[in-house]
Amino acid sequence: MAGLKDATAIVGIGQTAFARRLPEDERTLACRAVLAALDDAGIAPREVDALASYTMEETDEVELAKSLGLGDLTFFSKVGYGGGGSCATVAHLAAAVATGQATVGVAWRSRKRGSGPRPWTNTTVQLPTPAQWTRPFGLLRPADEIAMLARRHMHEYGTTRDHLFNVALACRNRANQNPAAVMYDRPLTREMYMTSRWISEPLCLFDNCLETDGALACVVVSRERARDCRSRPVYVHSAAQGLPAQHHGMVNYWNDDPLTGPAWTAARHLWKHADFTPQDVDVAQIYDAFTALVPLSLEGYGFCDRGEGGAFTEGGALETGGRLPLNTGGGGLSEAYVHGFNLITEGVKQLRGTSTAQVPGAATCLVTAGEGVPTSALLLRN
């Protein structure tokens, strides 16, 4: 890992509009996001020789390369587990560039989750083995599974709905500053939160992420190449993936402690290879498909002790000016839900000094992928 530390940088970011329904297909959205990222970096499409995305991505490397006129590809990868793979796409490119397998890498995610089908509604395929033991008994959706973890955390540690509201409010407040956010002009109040309908108790409507159409991309090059690119580089300081022993997706049934999820495994590796600690992080982009994932991640990545994730959110801790400003573009809860890729691009904006909710003097940023599934994380610095 010493060879990866600050050896590569994100030099370009791009995105499409975000909406519940966009007319373009996923390939078109992907192409637009990638072209925007390359233009941001000042790099021609023909120079791209590496690609990374998600196994759930519908636009494959062949189609993207042909559509954009990319050069010969010498590295390409896809990462599984939905939102758990977001940061790993950048990590794979960083490793490829640092070891000479490629020179210019592009990671992307394009999705029509707003206007498209919900994944768990497909009854034509056989359930994976773990789901055969849960879905027939009512755990049909990710919301149902995370609701179980949330209830367990409430029971063991006294976490409350007000703590989850603090997460939802921080994300919404930042979205209200971000014209690109789906919820830009829609403030959230405690009354709205507390009186909203249940999705899967104890998770209400505002504990759940948006359903969004959109695409994002970023460009990764070597530290040396980054000096000559158009935009200010943001360095990949440390990267990690995490899959704990005896893991069972979302619910962690077979772990000794269901509340010790993949974040804990990823965090140990992430911090082991970093020159700074959680206390040195200026701003965090924490995966927020559900509000309950944030307290779990705060604990897993070392910002507080076990059971203190809920209490950590008190007193405006996640707001601008708090001890850990969070999801400053609005996150999956209020900007857009594109499997967490907007958290990567927002981390880059913060360290460039161009965020719509800029943290003064931000020099370090943690970005995390989905907790509850095999996951990944990045430490970025400027």
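## Helix α10, Ser376 and a pocket

The buried residues of helix α10 (buried meaning under 20% relative accessible area with a 1.4 Å probe, protein chains only) are Leu293, Val294, Pro295, Leu296, Ser297, Leu298, Glu299 and Gly300. This is a predicted model, in which local features need pLDDT of at least 70 and side-chain atom pairs count only at pLDDT 80 or more, while totals for chains, interfaces and linings use all residues. Residues are numbered from 1 along each chain as its sequence is written, and side-chain values use heavy atoms, with hydrogens and water left out.

Helix α10 spans residues 293-300 and is mostly covered, eight of its eight residues being buried; helices are DSSP runs of H or I with at least four residues, and strands are E runs of at least two, numbered from the N terminus. The partners against which its buried residues pack are tabulated here, contact meaning heavy atoms within 4.5 Å.

| Packing partner of α10 | Residues |
|---|---|
| α5 | 142-157 |
| α6 | 161-175 |
| α9 | 262-272 |
| α11 | 309-312 |

Just after α10, Gly302 takes a positive phi of about 90°.

Ser376 lies in strand β11, residues 375-381, and counts as buried because its relative accessibility is 0%. Leaving aside residues up to four places away in sequence, Ser376 touches several residues, among them Gly84, Cys87, Gln241, Tyr301 and Thr368. The side chain of Ser376 also reaches the backbone nitrogen of Cys87 at 3.4 Å, where a polar contact is a pair of N or O atoms within 3.5 Å, one able to donate a hydrogen and the other to accept it within protein, and residues adjacent in sequence count only if both atoms are side-chain atoms.

Note on methods:
Buried means under 20% relative accessible area, exposed over 50%, partly exposed in between (1.4 Å probe, protein chains only).
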